[in-house]
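Time to open the notebook again. I'll jot down what I look up as I go.

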Amino acid sequence: MNRKNKNQFRMQTAELGKSLRNNKTLYLFLLLPIVYFIIFKYVPMFGNIIAFRKYIPGQSYFGVSWEGFRYFEMFLKDEAFWNVFKNTVVLSGLSLLICFPIPILFSLLLNEIMQKKVKKVVQSLTIVPRFLSVVVVVAMMNALLSPSTGIVNTIIEKLGGEAIYFMNEPFWFRIIYIISELWQFLGWNSIIYMAVLSSADQEQYEAAMVDGAGKIKQAIHITLPMMLPTIAINLIIALGNILNIGFEKVLLMYTPTTYETADIIQTFVYRVGLMNANYSYGTAVGLFQGVISLSLLWAANRITNKRWGCGLW
């Protein structure tokens, strides 16, 4: 390291020390999240080694013998796994296709409400479901869709139809799941778009109105381009999590009769890896899922950077 680099290093170290002293309270607040992520996110990553080693409960944390890709070959040849993989992709794809664009449309429509009090009330009412626990949401669905006392089946029977066992039929599982996700997260997912719209340059809209542009043209040529970086980043994150759909909700909703469409990778790992104590097999499936998610995240970010220049990195 030459003298110039040494001086530059000293200056950077001095600036870092000064920043730590001046903002020590903020850094103390940051310490707890850092410790949390290290203990519960990064340290467990070392446990992925048992995807390649035979793990026996009560013995070495890193397994007792090297098995290579044996567990990967097991699930790649397992027909049950591929059915689970298909269910995960279909459910995630439908959820992304429906639940991703609707909050954008909702924020555009909400932004057109001129009365601020009405806008706040509507936005607050749509945000409230986000704070309900998954257990409460599933219990509400069971109550509403009950074949004997549920209001939905009561209406169907009043109209001359027969009661439907919604929660026990494979056909209805995906529909119910997506509707519940949309209801629970519509307002919450629209917050970030509303924040972008609230900071919009009103002069552009006034100029567009002078030129005779209506609301639709304003949305297409002004609002959507302004929201594009935010939409692109959220899309990248959504694609990266496409295989990580709501494990808790699916676990509470599904029954053996709905495994055909409801069983996903996370519930498969839970059932095979934890319930059957086949930890190495479950870890191999989870690692496979993580590699695919990372690949999708990388590909989506690269395409977004190349097309719009607004990726995550």
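Where is the place of Thr126? I found Thr126 in helix H6, which covers residues 116-127. Note to self: this is a predicted model.

Next I checked whether Thr126 is buried or exposed. Its relative accessible area is 16%, and the cut-off for buried is under 20%, so Thr126 counts as buried.

Then I looked at what sits around Thr126. Leaving out residues up to four places away in sequence, Thr126 touches Phe106, Gly187 and Trp188. I also noted a polar atom of the Thr126 side chain 2.8 Å from the backbone oxygen of Gln123.

New entry: a pair of helices. I picked H10 (residues 202-210) and H11 (residues 215-240), whose axes come within 10 Å and cross at roughly 165°. Angles over 145 degrees count as roughly antiparallel, so that is what I wrote down for H10 and H11. Their crossing is right-handed.

Which residues make the contact? From H10 I listed Gln204, Tyr205, Ala208 and Met209. From H11 I listed Gln218, Ile222, Thr223 and Met226. Sorted by class, the contact of H10 with H11 has five nonpolar residues, three polar ones and no charged ones.

Last entry: Trp298. I found Trp298 in helix H15, residues 279-307. Its relative accessible area is 47%, and partly exposed runs between 20% and 50%, so Trp298 goes down as partly exposed. I also looked up Gly311, 13 residues from Trp298 along the chain. The C-alpha atoms of Trp298 and Gly311 are 9.9 Å apart.

Notes. Residues are numbered from 1 along each chain as its sequence is written. This is a predicted model: local features need pLDDT of at least 70, side-chain atom pairs count only at pLDDT 80 or more; totals for chains, interfaces and linings use all residues. Side-chain values use heavy atoms; hydrogens and water are left out. Helices (H or I, at least four residues) and strands (E, at least two) are DSSP runs, numbered from the N terminus. Buried means under 20% relative accessible area, exposed over 50%, partly exposed in between (1.4 Å probe, protein chains only). Axes are lines fitted to C-alpha atoms, for helices over the stretch in contact, and angles run from 0 to 180 degrees between N-to-C directions. Angles under 35 degrees count as roughly parallel, over 145 as roughly antiparallel, 65 to 115 as roughly perpendicular and the rest as oblique. A crossing is left-handed if the near helix is turned anticlockwise from the far one by less than a right angle, and right-handed if clockwise. Contact means heavy atoms within 4.5 Å. Ala, Val, Leu, Ile, Met, Phe, Trp, Tyr, Cys and Pro count as nonpolar, Asp, Glu, Lys and Arg as charged, and the others, Gly among them, as polar. A polar contact is a pair of N or O atoms within 3.5 Å; within protein, one must be able to donate a hydrogen and the other to accept it, and residues adjacent in sequence count only if both atoms are side-chain atoms.
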